[in-house]
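Here is a short set of exercises to work through with the sequence and the model open side by side. Try each task yourself before you read its solution.

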Amino acid sequence: MSLDLNKVAGSIASMASDLVLQGLKRVDALNAAIDKFENPGDLTTLKKRLAQAKTSWLLAEISGSLNQRFEPSELPPDYIVIATDGSQIDIDRHHPARCCLVNIGRVYLHYGQNPDCFLESEPTLFSSTEELVLKPEQGNPGREISIEGPLLGIKRTVEEFRYLSHLAGKLPAGLPALALVDGSLIMWGLMSKDLPDFVIDAMLDKGVLKYISEIEKLNFQNQLALASYISFPRSTDVINSLRITVCPHQVPDCDKFCTSIDSGERPCDILAGVVDRELFWACLKDNQRSDVFISQSKISKTRYGCNQIYFFYIKAGIEIARVEIPEWVACRPELLHLTHSLILDQCRKGQGYPVALSEAHEMAVVSGADRQNFFYLVDEYFTASNLSTSSSAKSVSKNNRWI
Amino acid sequence: MDETSLRIAEVTQASTAGFFAQCYELFDLPALGSLIKCRDGKNEIVAVTCNARTSSLEPGRRPIARGKTEITEEDVFRSNPQLRQLLKSEFEAVVLGHSFDNEYYHYLPPRPVKLHSFVYLCNPDEIAAFSQSLEFLSLLTSARTEIPSEELVAACIRFISACHAEPATFTAAAGKKLAQIFVDDYPKLRTILLRLKL
């Protein structure tokens, strides 16, 4: 039988009631957060305490001010936005063909006197052992890691950056441009302790970071910024930093002072439950952006080098979005201003979400029907080559739903 | 095939009695009632255009209004250059006859046009030659299209008459032929004649 919604409706109603109660509690927490954001006290002291703090949550490092707001600069008369997005067909362990596919959508939008555009998708099949397995370099210890599941998602991200760098390399000289990706620039998926160094090396150093650096190098001839756009962010980095302002201890240390106190009872819990987007929804006016913060994520601090990730929040129409940028964009005012104004313009043109990302997604998306057709095609070629197409009993059982 | 003919579209769906074609340029649609042609080996298939539309390339994506803050319609496309890649202009065509060995036949061809056949606008000489005989009116008046058939018939006769040395003479002859076809349907005949410059 299919899902019986009647049986779960009661639980959904109860969930909704709980959220209403939590929402009422969060109003006080949000007001407290706004107060601390507007009146943080001495900034130098706060920055020092943030640097010394040992917290169990991720802090945002304040790079400039805490609460300054910025208006967008004027749009350049001619400019280009490029974007990539990807989707994948993972290895089906019930199918005899051990292969996967990554489909990358590419978008090039030229605005101004001579508008131009191209929208493309580029599917790549991975089927050889070299393509499907990561292994340590010769002579080094370690087991092989199969590229599937979450690791295929990371591989897809690498491909998105590879194509973005390729697109950036073809930009006409002299025009300001923004290279845009969806989601975070921080490769959170690589922070798993289970992943050996050679995987991080392949995906990050020889992957994403290599391509981000290639994009940076193009700034010698172009004004080219790189940013990622996170819609409806759930991050709490800035709120977590505000918790430091209410911590009664000179050097905040959660493990030392607060392990014996129940969650919700700690002094800083007066800000609990609030996320950064709620704070900036209240504190930013339309089109404004926040100041730039530095992500304290371990992978960004220890491995990204000059591509270390900074971020800001932007009020772009219907929502607060988090925009992540590498250090070389954050530290060059002209690139930072360009990122702010072009992202706003993209959101305006895209009904609240950057149009380049939305079209890149449309180019990349692999539907359930596409996936089915892909495996039909694989079966056809296998049959023509007299290869077995028999799948697992489980797969057969799912496809032939007998009674 | 006359090299001077203008290639405007490509066949995307075909049957014996008609076809659908997608224009190469957005909005570059032939006028209602225009004569067009497709090549099929040595033969040409002649058809009349009807029921044109511009819509989303993908059935699941509907165009939305984008011009609230723009000054002109052109500005909408300048500000949204991706639109030209996401929209398509297409039209339906009703077959009126075909040619074989340089002679026109005003009845259906033996086979439909092939998918991806190029669609050309007929030039005035070809239109005049094709409409020397008014037998094509038989297929034209029996066409079943989404638009009212009276509109299609009148538009086609107006279009063809402009390619004749004496348009009024051609229109009068076509009117007489229509009177024979619609001998039992005076309201329909009247509707068409009111739309002709008689």
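The exercises below go from the overall build of one chain to its strands, a helix, the contact between chains and two loop residues.

This is a predicted model, in which local features need pLDDT of at least 70 and side-chain atom pairs count only at pLDDT 80 or more, while totals for chains, interfaces and linings use all residues. Residues are numbered from 1 along each chain as its sequence is written, and chains are lettered from A and ligands numbered from 1 in the order in which they are written.

**Exercise 1. Describe the overall build of chain A.**

Step 1: Count the elements. Chain A has 14 helices and 11 strands; these are DSSP runs numbered from the N terminus, helices being H or I with at least four residues and strands E with at least two.

Step 2: Compare with a globule. For 403 residues, a compact globule would have a radius of gyration near 22 Å, and the 24 Å of chain A agrees. This radius is taken over C-alpha atoms, and the globule rule is 2.2 Å times the number of residues to the power 0.38.

Step 3: Look at burial. In chain A, 36% of the 403 residues count as buried. A residue is buried if 20 or more other C-beta atoms, placed from the backbone, lie within 10 Å of its own, exposed if 12 or fewer, and partly exposed in between.

**Exercise 2. Trace the strand pairings from β3(A) to β11(A).**

Step 1: Start at β2(A), residues 79-89, where 9 of the 11 residues are buried. An antiparallel pairing of 11 bridges links β2(A) to β3(A), with A:Ala83 opposite A:Val107. Strands pair if DSSP finds at least two bridges between them.

Step 2: Move to β7(A), which is parallel to β2(A) over 5 bridges. Here A:Ile80 faces A:Ala177.

Step 3: Continue to β8(A), joined to β7(A) by 6 bridges in the parallel sense. A:Asp182 has A:Tyr229 as its bridge partner.

Step 4: Finish at β11(A), which runs antiparallel to β8(A) with 3 bridges. A:Tyr229 appears again, this time opposite A:Val323.

**Exercise 3. Find the bend in α5(A) and list some of its buried residues.**

Step 1: Helix α5(A) spans residues 197-217 and has a kink of about 40° centred on A:Lys210. The bend is the angle between axes fitted to the seven residues ending at a residue and the seven starting there.

Step 2: Its buried residues include A:Val208, A:Leu209, A:Tyr211 and A:Ile212.

**Exercise 4. Describe the side of chain B that touches chain A.**

Step 1: The contact takes 10 residues from chain A and 7 from chain B, where contact means C-beta atoms, placed from the backbone, within 7 Å.

Step 2: On the chain B side, α1 (73-79) and α2 (83-86) of chain B are the elements that give two or more residues.

**Exercise 5. Locate two residues with positive phi and decide whether they are buried or exposed.**

Step 1: Most residues other than glycine have a negative phi. A:Asn386 has phi near 55°, and B:His116 has about 70°.

Step 2: A:Asn386 is in the loop between α13 and α14 of chain A, whereas B:His116 is in the loop between β6 and β7 of chain B.

Step 3: A:Asn386 counts as exposed because it has 6 C-beta neighbours inside 10 Å. B:His116 is exposed, with 10 other C-beta atoms within 10 Å.

Methods:
Two residues are in contact if their C-beta atoms, placed from the backbone, lie within 7 Å.
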